[in-house]
Amino acid sequence: MALRALPRKTLRNLRTWRDWRRGDDLWIPAGSTAVEDASRRFLLFGALPLWVVPGLADWWMHRRTRIEHTSGTKESAVHALMMTEAGIPVLMGLLARVNPLVLSVMGGAALAHGATAVYDVSLAVGEREVRPIEQHIHSFLEVLPLTALAFTACLHADQVRRTLRGGPDPQDWRLLPKEHPLPAAYLAGLAGIIAGGVVLPYAEELRRCLRTTTATASRQAPVLV
């Protein structure tokens with residue numbers, strides 16, 4: 001009954017996604033030197049997994065400068081926001097067909113991520129020591145979303161043209177599964193890398209900041225006699 005109450009377009013989308021793994025998996029020839037294959041290989045096996053490295057290094061710099069006793073929960077929440085800004089377009093690019101909708105979300109998220117990164121640094125420098133090495137790590141974190149977007153745009157130049165023309169087809173603005181989904185083993189491996197190298201460390205950082213904030217508030221609370 002609940003499904004029947006949904007709009008027809010929503011039902012069609014749900015049915016489309018229900019069968020998203022039934023297509024042939026995307027296969028990239030290991031020895032191919034074709035530009036498209038090489039670009040896709042770099043994007044999937046280079047840029048995305050290696051994105052975790054500067055993220056983990058940045059988390060370590062926060063820990064080393066004892067973020068929980070300086071900018072604390074506020075800055076850690078900004079880090080969570082930036083991960084969301086990067087994570088949503090990455091998830092869409094991995095699972096959904098690249099069309100004007102996905103490219104628009106990717107472009108908007110890249111701009112939002114860059115603006116949030118500027119705010120993050122301005123917040124941090126007023127509260128804790130931000131060393132030159134941490135600033136250098138930030139440069140990687142800021143440019144990698146743009147790099148991923150650029151490679152995606154080059155691999156889907158036809159969809160870039162459709163986006164610039166305003167996406168004339170209604171299908172251009174629907175979230176559709178890939179015709180050739182990425183292999184399940186690849187998606188599982190990448191999910192494990194992101195969980196271990198990004199989600200868990202930054203969740204630990206936020207938990208540490210919240211715990212310190214709570215403990216500080218308890219010490220400062222007036223004692224009623």
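I'll start with one helix pair: α2 and α8 run roughly parallel to each other, where an angle under 35 degrees counts as roughly parallel, over 145 as roughly antiparallel, 65 to 115 as roughly perpendicular and the rest as oblique. What you have in front of you is a predicted model, in which local features need pLDDT of at least 70 and side-chain atom pairs count only at pLDDT 80 or more, while totals for chains, interfaces and linings use all residues. Numbering starts from 1 along each chain as its sequence is written, and side-chain values use heavy atoms, with hydrogens and water left out.

The overall layout comes next. The protein chain has eight helices and zero strands; these are DSSP runs, H or I over at least four residues for a helix and E over at least two for a strand, numbered from the N terminus. Read in sequence order, the pattern is α-α-α-α-α-α-α-α. Of the 225 residues, 37% are buried, that is, under 20% relative accessible area, with exposed meaning over 50% and partly exposed in between, for a 1.4 Å probe and protein chains only. Among contacts (heavy atoms within 4.5 Å) with a separation of 6 or more, 85% join residues 24 or more positions apart.

Back to α2 and α8. Their axes come within 10 Å and cross at roughly 20°; an axis is a line fitted to C-alpha atoms, for helices over the stretch in contact, and angles run from 0 to 180 degrees between N-to-C directions. The crossing is right-handed, meaning that the near helix is turned clockwise from the far one by less than a right angle, anticlockwise being left-handed. On the α2 side the contact uses Leu44, Phe45, Leu48 and Pro49, and on the α8 side Tyr186, Leu190 and Ile193. By class that gives seven nonpolar, no polar and no charged residues. Here Ala, Val, Leu, Ile, Met, Phe, Trp, Tyr, Cys and Pro are nonpolar, Asp, Glu, Lys and Arg are charged, and the others, Gly among them, are polar.

How does α2 run against α6? The two are roughly antiparallel, with axes within 10 Å and a crossing of roughly 150°. α2 passes α6 in a left-handed crossing. Glu36, Ser39, Arg40, Phe42 and Leu43 of α2 meet Thr147, Ala148, Phe151, Thr152 and Leu155 of α6. That contact divides into five nonpolar, three polar and two charged residues.

α6 also packs with α3, at an angle of about 145° and with the axes 9 Å apart. This crossing is left-handed. α3 brings Pro54, Gly55, Ala57, Asp58, Met61 and His62, while α6 brings Ile133, Glu134, Ile137, His138, Phe140, Leu141 and Leu144. The classes here are eight nonpolar, three polar and two charged.

Now the cores. A nonpolar core is a set of buried Ala, Val, Leu, Ile, Met, Phe, Trp, Tyr and Cys residues joined through side-chain atoms within 4.5 Å. The largest one has 15 residues, and the members touching the most others are Leu44, Leu48, Trp51, Leu94, Leu182 and Tyr186. At least two residues of this core come from each of α2 (35–50), α4 (72–95), α6 (132–155) and α8 (184–220). A second, separate core has six residues, including Ala96, Val98, Val102 and Met106.

Last, some loop residues. Proline 181 sits between α7 (157–164) and α8. Is proline 181 buried or exposed? At a relative accessible area of 1%, proline 181 is buried. From proline 181 to leucine 94 the C-alpha distance is 8.1 Å, across 87 residues of sequence.

The loop between α3 (52–64) and α4 holds arginine 66, and threonine 65 belongs to the loop between α3 and α4 as well. Arginine 66 has phi near 55°, a positive value in a residue other than glycine, and is partly exposed at 49% relative accessibility. Threonine 65 is buried at 13%. Leaving out residues up to four places away in sequence, threonine 65 touches Thr70, Arg128 and Glu129. The C-alpha atoms of threonine 65 and glutamate 129 are 6.7 Å apart, with their positions 64 residues apart along the chain.

Glutamate 127 is in the loop between α5 (100–125) and α6 and is partly exposed, at 45% relative accessible area. Beyond its neighbours within four places, glutamate 127 contacts Thr70 and Ser71. Glutamate 75, 52 residues away in sequence, is 9.6 Å from glutamate 127, C-alpha to C-alpha.
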